[in-house]
Amino acid sequence: MKYIPAALTDEHVHKLKETEQHLSAAAGEELILIAYAQQPDDPELQDGRKKND
């Protein structure tokens, strides 16, 4: 699977930043969270077609 950055709303970004702060405090070092959306390896498979069609 390939991954691309996920489209996030301002609320999602705010929650991620909050979570980063809490995890960074617990870990004792700065952590950065990155959100990705899962994508199939073969873009042709996204619409249900097989390569040899």
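1. S24 is placed in helix α1 of this predicted model, and with a relative accessible area of 15% the residue falls under the 20% limit and therefore counts as buried. Once its neighbours within four places in sequence are set aside, S24 is in contact with E29, E30 and L31, and L31 is also among the residues that E20 touches when residues up to four places away are not counted.

2. E20 likewise belongs to helix α1, which covers residues 10-27. This glutamate is buried and yet has no salt bridge, the nearest side chain of opposite charge being that of K17 at 7.1 Å; a salt bridge would call for a side-chain nitrogen within 4 Å of a carboxyl oxygen, so the distance to K17 does not qualify. Beyond residues up to four places away in sequence, E20 touches L31, I32 and L33. A colleague examining the model may wish to look at the surroundings of this side chain with those contacts in view.

3. The length of helix α1 can be checked against its residue count: at 1.5 Å a residue, its 18 residues should span 26 Å, and because the C-alpha atoms at its ends are 25 Å apart, the two values agree. Just after α1, G28 adopts a positive phi of about 80°.

4. As for the chain as a whole, its secondary structure amounts to 1 helix and 2 strands, and from the N terminus on these elements follow the order β-α-β. Of the 53 residues in the protein chain, buried residues make up 6%, and both S24 and E20 are buried. The accessible surface of the chain comes to about 4,800 Å², with 53% of that area belonging to carbon and sulfur atoms.

5. Contacts that reach far along the sequence deserve a point of their own. Among contacts between residues at least 6 apart in sequence, 59% join residues at least 24 apart. P5, in strand β1, offers a case in terms of distance, for its C-alpha atom is separated by 5.9 Å from that of A37, although the two residues are 32 residues apart along the chain. I4, also found in strand β1, has its C-alpha atom 5.5 Å from that of A37, with their positions 33 residues apart in sequence.

6. The exposure of these strand residues should be read alongside their partners. P5 has a relative accessible area of 64%, which is over 50%, and so the residue counts as exposed; nevertheless, leaving aside neighbours within four places in sequence, P5 is in contact with A35, Y36 and A37. I4, by contrast, is partly exposed, with a relative accessible area of 42%.

7. A35 lies in the loop between α1 and β2, the latter strand covering residues 36-39, and at 24% relative accessibility it counts as partly exposed, because this value lies between the 20% and 50% limits. Apart from neighbours within four places in sequence, A35 is in contact with I4, P5, A6, L8 and L16, and of these I4 and P5 are found in strand β1, while L16 falls within the residue range of helix α1. The C-alpha atoms of A35 and I4 are separated by 8.6 Å, the residues being 31 residues apart along the chain.

8. A last point concerns the surface. Y3, I32, I34 and Y36 form a nonpolar patch there, with about 490 Å² of accessible area together. Y3, which lies in strand β1 (residues 2-5), is partly exposed at a relative accessible area of 49%. I32, another member of this patch, is also one of the residues touched by the buried E20, and Y36, likewise a member of the patch, is among the contacts of P5.

Conventions. Residues are numbered from 1 along each chain as its sequence is written. This is a predicted model: local features need pLDDT of at least 70, side-chain atom pairs count only at pLDDT 80 or more; totals for chains, interfaces and linings use all residues. Side-chain values use heavy atoms; hydrogens and water are left out. Helices (H or I, at least four residues) and strands (E, at least two) are DSSP runs, numbered from the N terminus. Buried means under 20% relative accessible area, exposed over 50%, partly exposed in between (1.4 Å probe, protein chains only). Lys and Arg count as positive and Asp and Glu as negative; His and the chain ends are not counted. Contact means heavy atoms within 4.5 Å. Accessible areas come from the Shrake-Rupley method with a 1.4 Å probe; for residues, only the protein chains shown count as cover. The expected span of a helix is 1.5 Å times one less than its number of residues. Patches are made of residues with over 30% relative accessible area and no salt bridge: like charges are joined within 9 Å, nonpolar side chains (Val, Leu, Ile, Met, Phe, Trp, Tyr) within 5 Å.
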